[in-house]
Amino acid sequence: MHFYYIKKGDLYLHIETVQHEDYQDYSDIDAMYTMQYVFKKEKDGAKTFYDSTEANTYIIKRRIKGVEVVRD
């Protein structure tokens, strides 16, 4: 099966989650997570989509600029 990818030039969209363990709060929360969009040359581990409309919806909802949807 061929997947669709989001590319910026020759870089593929990857999503990285960063955990901040030293999050200080007075509740039961002991860590905070942030999600980052990173563009890398590697195709392995890139965000995949089953069709182009799903990829375009992802771009619009997250307001990612200057990218294109490709099928590899």
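User: Helices (H or I, at least four residues) and strands (E, at least two) are DSSP runs, numbered from the N terminus; in which strand is Leu13 placed?
Analyst: This is a predicted model, with residues numbered from 1 along each chain as its sequence is written; local features need pLDDT of at least 70 and side-chain atom pairs count only at pLDDT 80 or more, whereas totals for chains, interfaces and linings use all residues. Side-chain values use heavy atoms, with hydrogens and water left out. The protein has one helix and five strands, and Leu13 has its place in strand E2.

User: In what order do the elements of the protein run from the N terminus on?
Analyst: The protein contains one helix and five strands. Helix H1 spans residues 52-62, and strand E2 covers residues 11-20. From the N terminus on, the elements run β-β-β-β-α-β.

User: What percentage of the residues of the protein count as buried?
Analyst: Buried means under 20% relative accessible area, exposed over 50% and partly exposed in between, with a 1.4 Å probe and protein chains only. The protein exposes about 5600 Å², by the Shrake-Rupley method with that 1.4 Å probe, and carbon and sulfur atoms supply 48% of this area. Of its 72 residues, the share that counts as buried is 22%.

User: Which residue of the loop between H1 and E5 has a phi near 55°?
Analyst: H1 is followed by a residue whose phi is positive, a value found here in a residue other than glycine. This residue lies in the loop between H1 and E5, and its relative accessibility of 70% means that it counts as exposed. The residue is Arg63.

User: What arc around the axis do the buried residues of H1 cover?
Analyst: The buried residues of H1 are Ala55, Tyr58 and Ile59. An α-helix has 3.6 residues a turn, so residues three or four places apart point the same way. The face turned away from the buried side of H1 carries the exposed residues Thr53, Ile60 and Lys61. Taken over the directions from the helix axis to the C-beta atoms, the buried residues lie on the same side of H1 because they cover an arc of only 95°.

User: Which element gives the most to the largest nonpolar core?
Analyst: A nonpolar core is a set of buried Ala, Val, Leu, Ile, Met, Phe, Trp, Tyr and Cys residues joined through side-chain atoms within 4.5 Å, and the largest one here has nine residues: Tyr4, Ile6, Leu13, Phe49, Ala55, Tyr58, Ile59, Ile64 and Val67. E1 and H1 each supply at least two residues of this core. The buried residues of the helix pack against strands E1, E2, E3, E4 and E5. With three residues, the element that gives the most to this core is H1.

User: How far apart in space are the C-alpha atoms of Leu13 and Val67?
Analyst: Leu13 is buried, with a relative accessible area of 2%. Leaving aside residues up to four places away in sequence, Leu13 is in contact, meaning heavy atoms within 4.5 Å, with residues including Ile6, Tyr58 and Ile64. Leu13 and Val67 are 54 residues apart in sequence, and their C-alpha atoms are separated by 9.2 Å.

User: Which residue offers the backbone oxygen that the side chain of His14 reaches?
Analyst: His14 is found in strand E2 and is buried, with a relative accessible area of 6%. Beyond its neighbours within four places in sequence, His14 has contacts that include Tyr37, Val38 and Asp44. The side chain of His14 reaches a backbone oxygen at 3.2 Å, and that oxygen belongs to Gly45.

User: What is the angle between the ring planes of Tyr5 and Tyr12?
Analyst: Rings of Phe, Tyr and Trp (its six-membered ring) pair if their centres lie within 6.5 Å, and planes under 30 degrees apart count as stacked, over 60 as edge-to-face and the rest as tilted. A search of the whole structure finds four aromatic pairs. In the pair of Tyr5 and Tyr12, which is edge-to-face, the centres are 5.5 Å apart and the planes stand at 75°.

User: Which residues do ring pairs link into a cluster?
Analyst: The search of the whole structure finds four aromatic pairs. Ring pairs form a cluster from Tyr37, Phe49 and Tyr58.

How values were computed. A polar contact is a pair of N or O atoms within 3.5 Å; within protein, one must be able to donate a hydrogen and the other to accept it, and residues adjacent in sequence count only if both atoms are side-chain atoms.
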